[in-house]
Amino acid sequence: MNASSTKIMTLKERDKKHLWHPLTQHKIHPEALPIVKAKGAVLYDEDGIAYIDGIASWYTAMYGHCNDYILNKAQQQMRQLDQIVFSGFTHQPAIRLSEELIKILPDNQEKIFFSDNGSTANEVGIKMALQYHFNKGEKRNTIIAFEDGFHGDTFGAMSASGLSVYNGPFEDFFIDVKRIPTPNSENIESVLTLLHSIIETHEVAAFIYEPLVQGANAMHMFEAEYLDQILKICKGCAIITIADEVMTGFGKTGKNFASDHIETKPDIISMSKALTAGFVPMAITSCTQEIYDAFLDDSVGKAFFHAHTYSANPIACAVAIAGIELLHSEEIQENIQRIVKSHKQFNDKIKDHPKVKTTRQKGIIYALDLNIDMDRYGKKRYEIFNHFMKQRIFLRPLGNTIYILAPYVITNKQLKQLYDGIIDLLEIV
Ligand SMILES: *Cc1c(COP(=O)(O)O)cnc(C)c1O
């Protein structure tokens, strides 16, 4: 090839040619930053610049990027069995994963159903709940969900989500969803009254909720005792409760699942994200024996006819088993305690800063609201994002909320880098 005809394009230029990024208005948003490598809590760009991954790449890489233990298990599995249809066949990684998960899930959970991502895990949960009633000969077609919840971007999950920036063009096509506010000490009575009135006037099939922390809703947190009151009412009316633990699962709230903080256990739990530790996509919807039994019949029609081609992919299952092993290692458990304590100390330091409106923490999830008005995807948000990137830290503001949800393996030095970046921001914002 002759040198003059080969123009070397950068990754950024090549990206723009054919790629369409999620949650991105390509006309106004800045170009995407190429990342070439990741290890532990650190991301590396093309120029070798290192950034601390302060949000574990959307709460997935909790044991650190490219974790060697998980990598080895994935490699072993790749050589043994890559993929097999999960309808009519089974395999050891799926069987072992089901056994390991049942050990750590709330003890009413008995059955494990596979899909590919957080949205489909919720889609499966909603479909299970609707068909549960259908199979029992009851027509129930309303879902209850929290205002401003987020459950994913497929139609069922999107219908249950209350964040309008995602939903606008599709609202005419939604399944029937009624919303209640998240409860707190002041509104709990009115929330329960509203809940009762929805139940009285609709055939309610299910209640779907993010337990204790609403991730996409700027890490909004609420108390277990009030959620428990809502769940008890649902249980009393045979409304299937679906805990969306896609974000909160696998140790982030200080226990295996956020549902472990709540007395009343959900009928269905959806999980993804940290399930496969940032390696490969997979999701699981677990349920009780009672739900499962409602699908058993001599007629095929009562079976759950939902499948994804890659359901229970053996490599993803092997990765998930390794992740659960790590979660329960002494090292990771100690790390979780260390991060919880470290965030508390940081909070003591900054909570009274004039630029800080409120702060909150649940387990290793820490969030603060800035004392300024900001659009979720507005200009200011990009300025703050860029400020952090210049400090070599990746933190992703949600409106005026700055949050940390770092990998469990983050070092104290790296944590300090995140804290210092936030303190710097408070001085200039
Ligand atoms: C991310 C998320 C989802 C959607 O998961 P995807 O894998 O992005 O489809 C659903 N619910 C919650 C709580 C989430 O955080």
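Where is histidine 151 found? Let us begin there and work outward through this predicted model.

**Exercise 1. Place histidine 151 and describe its surroundings.**

*Task.* Locate histidine 151, decide whether it is buried or exposed, and name its polar partner.

*Solution.*
- Step 1: Histidine 151 sits in the loop that runs between β5 (142-146) and α6 (155-160).
- Step 2: Its relative accessible area is 3%. Buried means under 20%, so histidine 151 is buried.
- Step 3: With the side chain of aspartate 244, the side chain of histidine 151 forms a polar contact of 2.8 Å.
- Step 4: Setting aside neighbours within four places in sequence, the residues in contact with histidine 151 include Gly118, Ser119, Asn122, Glu210 and Asp244. Ala157, Ala160, Ser161, Ile208 and Tyr209 are also in contact with histidine 151.

**Exercise 2. Map the shell around the ligand.**

*Task.* Which residues are around the ligand, and which helix gives the most to the shell?

*Solution.*
- Step 1: Collect the residues around the ligand: Asn117, Gly118, Ser119, Asn122, Phe150, His151, Gly152, Glu210, Asp244, Val246, Met247 and Lys273. His151 and Asp244, the pair joined by the polar contact of Exercise 1, both belong to this set.
- Step 2: Sort the shell by residue class, which gives 3 nonpolar, 6 polar and 3 charged.
- Step 3: Assign the shell to secondary structure. Helix α5 (residues 118-135) gives the most, with 3 residues.

**Exercise 3. List N and O distances to the ligand.**

*Task.* How far do N or O atoms of lysine 273, asparagine 117 and phenylalanine 150 lie from the ligand?

*Solution.*
- Step 1: For lysine 273, an N or O atom of the side chain is 2.6 Å from an oxygen atom of the ligand.
- Step 2: For asparagine 117, a side-chain N or O atom and an oxygen atom of the ligand are 3.3 Å apart.
- Step 3: Phenylalanine 150 takes part through its backbone: an N or O atom there is 3.4 Å from a nitrogen atom of the ligand.
- Step 4: Turn to coverage. On its own the ligand has 380 Å² of accessible area, and the protein covers 82% of that.

**Exercise 4. Study two further histidines.**

*Task.* Are histidine 306 and histidine 261 buried or partly exposed, and what does each side chain contact?

*Solution.*
- Step 1: Histidine 306 lies in the loop between α10 (289-293) and α11 (314-327), while histidine 261 has its place in the loop between β10 (240-244) and β11 (268-271).
- Step 2: At a relative accessible area of 12%, histidine 306 is buried. Histidine 261, at 24%, is partly exposed, because the cut-off for buried is under 20% and for exposed over 50%.
- Step 3: The side chains of histidine 306 and histidine 308 share a polar contact of 2.8 Å. For histidine 261, the side-chain partner is threonine 253, at 3.0 Å.
- Step 4: Beyond neighbours within four places in sequence, histidine 306 is in contact with Phe113, Val124 and Lys127. By that rule, the contacts of histidine 261 are Leu212, Ala224, Thr253, Lys255 and Lys362.

**Exercise 5. Find the nonpolar cores.**

*Task.* How many residues are in the largest nonpolar core, and which of them touch the most other members?

*Solution.*
- Step 1: The largest nonpolar core has 104 residues, and Leu97, Leu101, Phe207 and Phe250 touch the most other members.
- Step 2: The element giving the most to this core is α11, with 10 residues.
- Step 3: Look at leucine 101. Apart from neighbours within four places in sequence, leucine 101 is in contact with Ile112, Phe250, Phe257, Met271, Ile284 and Ile324.
- Step 4: Another core, of 20 residues, lies apart from the largest one; among its members are Val124, Ile126, Ile143 and Ile242.

**Exercise 6. Check the positive phi values.**

*Task.* What are the phi values of tyrosine 59 and alanine 218, and where are these residues found?

*Solution.*
- Step 1: Tyrosine 59, which is not a glycine, has a positive phi near 65 degrees. Alanine 218, also not a glycine, has a positive phi of about 55 degrees.
- Step 2: Tyrosine 59 is in helix α2 (residues 56-59), and alanine 218 is in the loop between β8 (213-214) and β9 (220-221).
- Step 3: Tyrosine 59 is buried at 5% relative accessible area; alanine 218 counts as buried at 14%.

Note on methods
Residues are numbered from 1 along each chain as its sequence is written. This is a predicted model: local features need pLDDT of at least 70, side-chain atom pairs count only at pLDDT 80 or more; totals for chains, interfaces and linings use all residues. Side-chain values use heavy atoms; hydrogens and water are left out. A residue is near a molecule or strand if one of its heavy atoms lies within 4 Å of it. A polar contact is a pair of N or O atoms within 3.5 Å; within protein, one must be able to donate a hydrogen and the other to accept it, and residues adjacent in sequence count only if both atoms are side-chain atoms. Accessible areas come from the Shrake-Rupley method with a 1.4 Å probe; for residues, only the protein chains shown count as cover. Helices (H or I, at least four residues) and strands (E, at least two) are DSSP runs, numbered from the N terminus. Ala, Val, Leu, Ile, Met, Phe, Trp, Tyr, Cys and Pro count as nonpolar, Asp, Glu, Lys and Arg as charged, and the others, Gly among them, as polar. Buried means under 20% relative accessible area, exposed over 50%, partly exposed in between (1.4 Å probe, protein chains only). Contact means heavy atoms within 4.5 Å. A nonpolar core is a set of buried Ala, Val, Leu, Ile, Met, Phe, Trp, Tyr and Cys residues joined through side-chain atoms within 4.5 Å.
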